[in-house]
Amino acid sequence: MIAMWSAVAALAVINLVFKGAGPAILGDHQFGARTQTALDALPAALLAGLIAVDLLGPHWDNADWTMLPGLATAGVARTRGLPHLACILAGVAVTAALRTLG
Amino acid sequence: MRTLRSFLARSPARSPARSPARSPADSRADRPVAGKPVNSWWAGLRVGLGLATGAFALAVTFGAFAVTHGWPAGLTILMSLFVFSGSAQFTLVTTLTSGGVGPAVAGAALMNLRFVPMAAATARSLRGGRWWRAVQGQAVVDGSWVSAQRADGTFDRDKMLAATLVQWPAWVLGTAIGALAVPSTSIIHTAGLDLVFPAFFLVLLLDSLSASSRLIPIALAAAAIAGVSCRFLPAGVALLLASLAALSVLWMPTPAPANRRTRPAGELAP
């Protein structure tokens with residue numbers, strides 16, 4: 001039990017430092033042009049990575065084909081200009097329907 | 001496919017934000033809510049609602065997962081309250097069961113290492129003194145950070161704060177329900193709720209790519225790196241490696257200055 005409490009406390013402090021250090025230290029500091037260019041590209045890379053990791057899971061344990069049609073539906077809905085939430089709900093509905101039918 | 005192409009072609013080139021060729025109107029477009037904090041908060045709340053839906057579903061799963069792995073419900077809820085990071089929390093619960101405190105904390109910390117550069121990037125968009133900026137930096141979570149980024153590389157602070165403030169209680173509440181009720185995870189699976197996060201990340205990614213089509217190869221490379229990496233490595237490490245794909249932009253030819261309206265990643269469609 002002590003191990004659990006210690007681990008949670010340590011992780012909470014580490015998280016605080018990770019997120020707080022940059023804003024506290026850097027302040028109004030502006031990155032160089034090359035750094036800023038890379039930072040501008042970071043969201044797209046991170047999002048694409050998150051999608052892959054979410055779909056496949058650790059050791060690909062979460063890989064499930066029914067998520068792909070749902071994801072495609074959400075993507076097409078977005079390209080048609082639907083709001084974010086509607087896109088997600090459409091995707092979830094397709095995946096849920098496939099799982100129910102399967 | 002044609003639809004996707006036309007969507008991406010809508011505003012194809014997010015040129016370097018500091019391009020001198022941009023008109024004042026473009027600058028205003030990049031900061032659609034600058035000077036209108038209420039709109040920023042409202043936009044953040046709307047983005048946060050979608051993210052919170054996914055966070056809630058995932059949190060219910062996490063709460064049930066932790067309790068079935070021998071964690072007390074109270075501590076599980078406290079962890080969500082103070083750590084607020086799904087991937088790190090799952091890692092901690094999993095690895096503490098099979099290893100010691102040190103490896104478990106190290107593995108979970110590795111998951112969150114990406115927050116160091118992400119939070120640092122927000123530094124000049126935050127307000128107040130050193131400590132207050134550090135407090136605001138705690139609002140950096142993946143979805144909020146991405147949706148708050150403006151085309152010029154700065155961040156809409158209010159939007160990020162609002163989006164996170166919606167997700168945080170959803171994450172804690174979902175954990176509490178999962179930890180106390182311990183519902184079957186098959187319910188979440190059957191309802192397709194595990195699709196919420198990837199679907200939300202996809203629509204944010206499409207927004208980002210529609211603003212800058214030159215990021216498409218970077219996104220594809222990042223997806224491939226993450227997909228292969230997570231087969232063998234922890235998810236946090238896979239994400240870190242995927243983030244490195246962003247560095248390839250440094251070797252890309254600089255696009256010609258464009259005088260077009262751009263759309264920041266995560267800006268909501270009308």
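Helices and strands are taken here as DSSP runs, with at least four residues for a helix and at least two for a strand. By that count, chain A of this predicted model has four helices and zero strands. From the N terminus, its elements run α-α-α-α. Chain B holds 14 helices and zero strands. Its pattern along the sequence is α-α-α-α-α-α-α-α-α-α-α-α-α-α.

Burial was assessed for each chain. In chain A, 49% of the 102 residues are buried. In chain B, buried residues make up 55% of 270. Contact range was examined next. Within chain A, 37% of the contacts with a separation of 6 or more join residues 24 or more positions apart. For chain B, 75% of the contacts between residues at least 6 apart join residues at least 24 apart.

The largest nonpolar core comprises 81 residues. Trp71(B), Met79(B), Leu92(B), Trp145(B) and Leu205(B) have the most contacts inside it. Helix α2 of chain A, residues 33–56, supplies the largest share of this core, with 13 residues. In soluble globular proteins, nonpolar side chains tend to be buried together. Leu92(B) illustrates the contacts made by one core residue. Beyond four places in sequence, Leu92(B) touches Ala7(A), Val8(A) and Leu11(A) of chain A. From chain B, its partners are Trp71(B), Met79(B), Ala104(B), Val105(B) and Ala108(B).

Helix α2 of chain A also carries Ala38(A). Ala38(A) has a relative accessibility of 13% and so counts as buried, the cut-off being under 20%. Leaving out residues up to four places away in sequence, Ala38(A) touches Ala246(B), Leu247(B), Val249(B) and Leu250(B).

Two helices of chain B were compared with their expected spans. Helix α12, residues 196–211, has 16 residues. Its first and last C-alpha atoms are 23 Å apart, close to the 22 Å expected at 1.5 Å a residue. α12(B) is mostly covered, with 16 of its 16 residues buried. Helix α13 of chain B, residues 216–232, has 17 residues. Its expected span is 24 Å, and its end C-alpha atoms are 25 Å apart, which agrees. In α13(B), the residues Ile218(B), Ala219(B), Ala222(B), Ala226(B), Gly227(B), Ser229(B) and Cys230(B) are buried. The cover over the buried residues of α13(B) includes α2 of chain A. It also includes α12 and α14 (235–243) of chain B.

The largest pocket has a volume of about 1,400 Å³. It is lined by 50 residues. Closest to its centre are Asp54(A), Asn62(A), Leu58(B), Ser87(B) and Phe90(B). Helix α3 of chain B, residues 37–68, gives the largest share of the lining, seven residues. By class, the lining has 26 nonpolar, 17 polar and seven charged residues.

Several loop residues were examined individually. Leu126(B) sits in the loop between α7 (115–122) and α8 (130–137) of chain B. Its relative accessible area is 8%, so Leu126(B) is buried. Leaving aside neighbours within four places in sequence, Leu126(B) is in contact with Pro23(A) of chain A. Its contacts in chain B are Arg133(B), Gln136(B), Gly137(B), Arg157(B) and Met160(B). Leu126(B) and Arg157(B) are 31 residues apart in sequence. Their C-alpha atoms are 6.1 Å apart in space.

Backbone angles were also considered. Most residues other than glycine have a negative phi. His59(A), a residue other than glycine, has a positive phi near 55°. His59(A) is found in the loop between α2 and α3 (67–79) of chain A. With a relative accessible area of 43%, His59(A) is partly exposed. Phe84(B) is not a glycine either, yet its phi is positive, at about 50°. Phe84(B) lies in the loop between α4 (73–82) and α5 (86–98) of chain B. Phe84(B) is buried, because its relative accessible area is 12% and the cut-off is under 20%.

Key
Residues are numbered from 1 along each chain as its sequence is written. Chains are lettered from A and ligands numbered from 1 in the order in which they are written. This is a predicted model: local features need pLDDT of at least 70, side-chain atom pairs count only at pLDDT 80 or more; totals for chains, interfaces and linings use all residues. Side-chain values use heavy atoms; hydrogens and water are left out. On a 1 Å grid over the protein atoms alone, a cavity is a set of points where a 1.4 Å probe fits but cannot get out, and a pocket is an open set with protein on both sides within 12 Å along at least five of seven lines; lining residues have an atom within 4 Å of a point. Grid points are joined across faces, edges and corners, and a volume is the space filled by probe spheres set on the points. Ala, Val, Leu, Ile, Met, Phe, Trp, Tyr, Cys and Pro count as nonpolar, Asp, Glu, Lys and Arg as charged, and the others, Gly among them, as polar. A nonpolar core is a set of buried Ala, Val, Leu, Ile, Met, Phe, Trp, Tyr and Cys residues joined through side-chain atoms within 4.5 Å. Buried means under 20% relative accessible area, exposed over 50%, partly exposed in between (1.4 Å probe, protein chains only). Contact means heavy atoms within 4.5 Å. The expected span of a helix is 1.5 Å times one less than its number of residues.
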